[in-house]
Amino acid sequence: MKYIWIQLLLMVGTGALVLAFVRRWDAAHTRAWKRMAFFAFVVANVYAVLRPQDVTWIANKLGVGRGTDLVLYLLVVAMAFMTLNTFMRFRSLEKKLTDLARTVAVNDGQRVNTDRFEASAADERVPQL
């Protein structure tokens with residue numbers, strides 16, 4: 001019971017994450033595996049906050065000295081995954097944006113050329129005085 005304030009603060013933070021994720025559920029177009037991963041993260045977070053001694057026990061079984069070290073290592077891996085995922089998403093968006101800009105440029109070029117040829121053809125049909 002001596003850790004009640006930090007546990008309460010961490011649980012409120014977790015609740016805020018869940019609320020933000022659920023409020024943007026439709027807008028995020030989140031894939032099913034990301035939803036499941038987030039749900040697993042929330043469950044693991046709640047368990048680790050309520051039972052920190054179990055995290056230390058798991059860390060010791062895995063050959064890590066402390067539970068906080070295990071959590072840090074897992075966060076490093078998760079951060080690397082998120083960085084790679086974000087990089088790949090931005091790369092895909094840049095490619096789509098480039099393709100869109102090229103398509104717009106080609107369509108505008110075709111429209112301008114069509115207008116020029118029609119104007120040129122109209123000038124040729126007008127009798128000269």
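A residue is termed exposed when its relative accessible area is over 50%, buried when this area is under 20%, and partly exposed in between. In the predicted model examined here, this scale was applied to residues that take part in salt bridges. Five salt bridges were identified in the structure.

One of these contacts lies within helix H5, which spans residues 67–125. The side chains of Asp99 and Lys95 meet in a salt bridge, with an N to O distance of 3.1 Å. The two residues stand four positions apart in the helix and are therefore separated by about one helical turn. Lys95 has a relative accessible area of 55% and, because this value is over 50%, is classed as exposed. For Asp99 the corresponding value is 32%, which makes this residue partly exposed. Salt bridges with shared partners also occur: they link Asp108, Arg111 and Asp115 into one network.

A further salt bridge connects Arg51 and Asp54, whose closest N and O atoms are 3.3 Å apart. The relative accessibility of Asp54 is 16%, so this residue counts as buried. Arg51, by contrast, reaches 38% and counts as partly exposed. The salt bridge between Arg66 and Asp69 has its closest N and O atoms at a separation of 3.0 Å.

Key. Residues are numbered from 1 along each chain as its sequence is written. This is a predicted model: local features need pLDDT of at least 70, side-chain atom pairs count only at pLDDT 80 or more; totals for chains, interfaces and linings use all residues. Side-chain values use heavy atoms; hydrogens and water are left out. A salt bridge is a side-chain nitrogen of Lys or Arg within 4 Å of a carboxyl oxygen of Asp or Glu. Buried means under 20% relative accessible area, exposed over 50%, partly exposed in between (1.4 Å probe, protein chains only).
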